[in-house]
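Dear colleague,

Here is the structure you are taking over. My notes on its core and cavities follow below it.

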Amino acid sequence: MPTNFDAYLQPGGCVNSDHPEVQALARSVVEPAASELDNAISLYYWVRDEIRYNPYTAWDNREDLKATNTLESGEGWCVPKAILLAALCRSSNIPAQLGFADVRNHLSTARLRKMLQTDVFYYHGYCSIYLEGQWVKSTPAFNLSLCERFHLKPLEFDGVHDSIYHPFDETGNKHMEYLHHHGEFADVPFEEMMACFRQEYPAMFGPESGTGFNTSSVPDSADWESDVARETR
């Protein structure tokens with residue numbers, strides 16, 4: 001392993017890998033005798049399927065994005081789920097960083113499109129893990145049960161090949177289209193991400209404050225799965 005990877009092994013503001021709850025969970029998932037690759041795979045599937053994908057959870061401050069917050073709530077959207085996976089990897093002495101890209105989601109729900117006023121997801125988050133001499137992208141966003149309901153191909157991760165969104169769903173409809181990559185970071189580029197959100201998602205922010213988050217624009221979290229169920233019946 002290169003010697004300049006300290007930033008990808010140390011805790012960060014959101015990637016709080018030194019928190020006892022994160023460390024305890026990592027110990028419960030990994031096997032001491034297993035390889036880093038096998039342990040990274042185990043951590044990926046834990047985050048993918050045990051943390052429910054929910055784009056309606058809060059995201060307007062750093063506290064919302066902390067790995068421990070996602071672990072406590074049991075749900076999150078792509079960025080906090082990627083943060084949690086990075087924290088678990090670092091707790092297991094596996095280098096991990098956060099990657100961000102803008103993607104066009106051809107299969108989002110009507111409510112989410114109305115909320116964002118676009119089908120582009122800016123600063124979609126993934127986790128890049130250093131395994132066997134290379135960085136490998138992993139995307140633990142959509143849990144298996146959601147994929148089955150939405151007729152999406154679940155994203156698998158073998159620790160060797162990049163695991164990124166499929167361009168098509170199981171029936172051949174367009175799914176995700178990558179538009180722009182922002183790069184990879186040791187922790188969340190929060191100010192840059194929020195500046196992008198304020199510009200691209202104006203309905204999500206209150207007009208009185210100019211930049212303040214408009215919590216009334218976000219529906220109850222329980223509505224997400226009902227949205228998916230209603231549109232896929």
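**Core and cavities**

The largest nonpolar core (buried Ala, Val, Leu, Ile, Met, Phe, Trp, Tyr and Cys residues joined through side-chain atoms within 4.5 Å; buried is under 20% relative accessible area with a 1.4 Å probe, protein chains only) has 66 residues, and those touching the most other members are Leu65, Ile83, Ile129, Phe142, Val188, Met193 and Phe197. Helix 5 (residues 78–91) gives the most to this core, 10 residues; helices are DSSP runs of H or I of at least four residues and strands are E runs of at least two, numbered from the N terminus.

This is a predicted model, with local features needing pLDDT of at least 70 and side-chain atom pairs pLDDT 80 or more, while totals for chains, interfaces and linings use all residues. Residues are numbered from 1 along each chain as its sequence is written, and side-chain values use heavy atoms, without hydrogens and water.

Leaving aside residues up to four places away in sequence, Val188 touches Cys14, Leu65, Ile83, Leu98, Phe100 and Met193 (heavy atoms within 4.5 Å).

The whole structure holds 3 cavities of 30 Å³ or more. A cavity is a set of points on a 1 Å grid over the protein atoms alone where a 1.4 Å probe fits but cannot get out, and lining residues have an atom within 4 Å of a point. The largest has a volume of about 190 Å³. Its lining comprises 15 residues, with Pro55, Trp77, Leu116, Phe121 and Tyr201 closest to the centre. Strand 4 supplies the largest share of that lining, 4 residues.

The second largest cavity has a volume of about 60 Å³, and Phe142 is among its lining residues.

Regards

Methods:
Buried means under 20% relative accessible area, exposed over 50%, partly exposed in between (1.4 Å probe, protein chains only). On a 1 Å grid over the protein atoms alone, a cavity is a set of points where a 1.4 Å probe fits but cannot get out, and a pocket is an open set with protein on both sides within 12 Å along at least five of seven lines; lining residues have an atom within 4 Å of a point. Grid points are joined across faces, edges and corners, and a volume is the space filled by probe spheres set on the points.
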